[in-house]
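Trainee: May I ask for a close look at the salt bridges of this predicted model? Please explain which residues take part and where they lie.

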Amino acid sequence: MVLAAYGFWNRCCSIKEIEQNWTSITIYNHTNYEIFNTVPNSQYSIQVLVDVNEKNTTQQENMIDVLTPPSNPKTEPLLDPEHPIYITNNSIFVQWKVDSKNCSKLNGFLSQFYIELKGKIDNILQIRETKNNYISFNDLKSNTPYELKVFIKTHIGYNPEHFLFVNFTTKFENLKPIEDLVVYKKSLKNRMVGFRWSYSQDTNLDGFIVSFDENLLINTKTVNIIPPQKCSAWPEYYCHTFYNLSPSSNYTFKIKPKSIDYPEGGKVSSIYFNSIDGLPDSPMNIKTTEIGNTTISIAWDIPWIFNGDLKTFIINIEEIASINMDTCCISIAPTEIPVYEELPTYNHTVIHFPQR
């Protein structure tokens with residue numbers, strides 16, 4: 001009878017991580033034995049004890065060390081939680097670490113890391129190798145999906161079946177400032193002001209960060225987030241009306257766009273204004289739309305700037321010529337058209353127009 005025992009330690013692990021669990025086997029009537037499922041790149045210590053079942057026979061002992069050959073790694077890197085992934089509109093930074101619990105699965109000596117980055121739209125593949133445990137890629141396309149694979153590479157090579165996988169999409173472009181910011185209406189009596197502005201980069205927009213500086217000498221700033229609401233009268237622009245302003249005559253209004261990718265907002269635009277009402281602009285693009293025997297229909301566009309609170313339009317019609325100049329020119333009383341909402345275009349028909 002032969003008593004055999006063996007234990008091993010992996011050459012890639014530290015001393016604290018060495019496995020030395022001994023396995024004992026009893027062998028009858030044989031002088032050889034094959035050990036299966038060995039770990040690559042590991043040193044095995046094999047001890048053989050001979051027992052001839054005689055009480056007075058001295059045991060014979062033998063010990064040998066065997067090194068198993070290396071192979072491709074059977075483990076992959078892990079994301080480093082202390083250094084989170086950082087993604088911008090044109091770059092990514094990833095840091096990882098080797099799993100110390102699976103150091104024996106390296107199956108060889110770590111040499112470097114093999115990295116693949118592929119665009120999921122154009123399928124362009126970028127390949128890099130590094131000895132560092134981090135990588136950054138720049139000059140990526142904004143708002144574009146990518147997939148990143150990080151392989152452990154030993155002196156034998158890397159295993160295409162074991163890799164750290166990162167699926168990500170770059171952020172949208174940096175937010176541009178708004179344009180054409182203007183105060184288009186205001187009312188000191190009603191403590192109201194309305195702003196209008198344009199913004200072309202609205203595909204990922206989810207709001208605007210606004211603030212009022214009511215006093216330049218005292219910090220009285222009020223900050224709010226408003227939704228991206230288009231103007232009812234100018235559909236290509238954004239509008240917002242603020243009420244219950246403090247009774248101050250001068251303000252500085254600041255506004256910047258925000259998105260999910262950039263919750264702190266982009267570049268700031270500002271405008272300085274007072275709350276004193278002024279004269280409105282004239283209605284735009286006045287034209288007749290229909291002329292009847294006793295009626296005239298007219299249409300006009302909303303004024304670009306109200307200055308005050310838009311309440312009514314006043315229509316004045318004056319006869320300036322006639323076929324019979326002896327009966328020219330009659331006087332027509334002004335017509336007031338109340339304004340209940342801001343619309344791109346208004347229209348009105350003057351009826352009972354005198355017939356000649």
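Mentor: Glu 129 counts as partly exposed, because its relative accessibility is 39%, a value between the 20% limit for buried and the 50% limit for exposed. Its partner in a salt bridge is Lys 153, with 3.0 Å between the closest N and O atoms. This pair links distant parts of the chain: Glu 129 belongs to strand β9 (residues 125-130) and Lys 153 to strand β11, with their positions 24 residues apart in sequence.

Strand β11, which spans residues 145-154, also contains Glu 147. The side chain of Glu 147 meets that of Lys 118 in a salt bridge, at 3.7 Å from N to O. Lys 118 lies in strand β8 (residues 110-119), so this pair ties together parts that are 29 residues apart in sequence. With a relative accessibility of 29%, Lys 118 counts as partly exposed, whereas Glu 147, at 18%, counts as buried. The 18% of Glu 147 falls under the 20% cut-off, which is why the residue is called buried.

A further salt bridge joins the side chains of Lys 185 and Glu 342, at 2.6 Å from N to O. Here the two residues are 157 apart in sequence: Lys 185 is in strand β13 (residues 179-187), and Glu 342 is in the loop between β23 (335-338) and β24 (345-350). Both Lys 185 and Glu 342 are buried.

The pairs described here are among the five salt bridges found in a search of the whole structure.

Notes
Residues numbered from 1 in each chain as written. Predicted model: local features only at pLDDT ≥ 70, side-chain atom pairs only at ≥ 80, totals over all residues. Heavy atoms only, no water. Salt bridge = Lys/Arg side-chain N within 4 Å of Asp/Glu carboxyl O. Helix = DSSP H or I, 4+ residues; strand = E, 2+ residues; numbered from the N terminus. Buried < 20%, exposed > 50% of the residue type's maximum accessible area, 1.4 Å probe, protein only.
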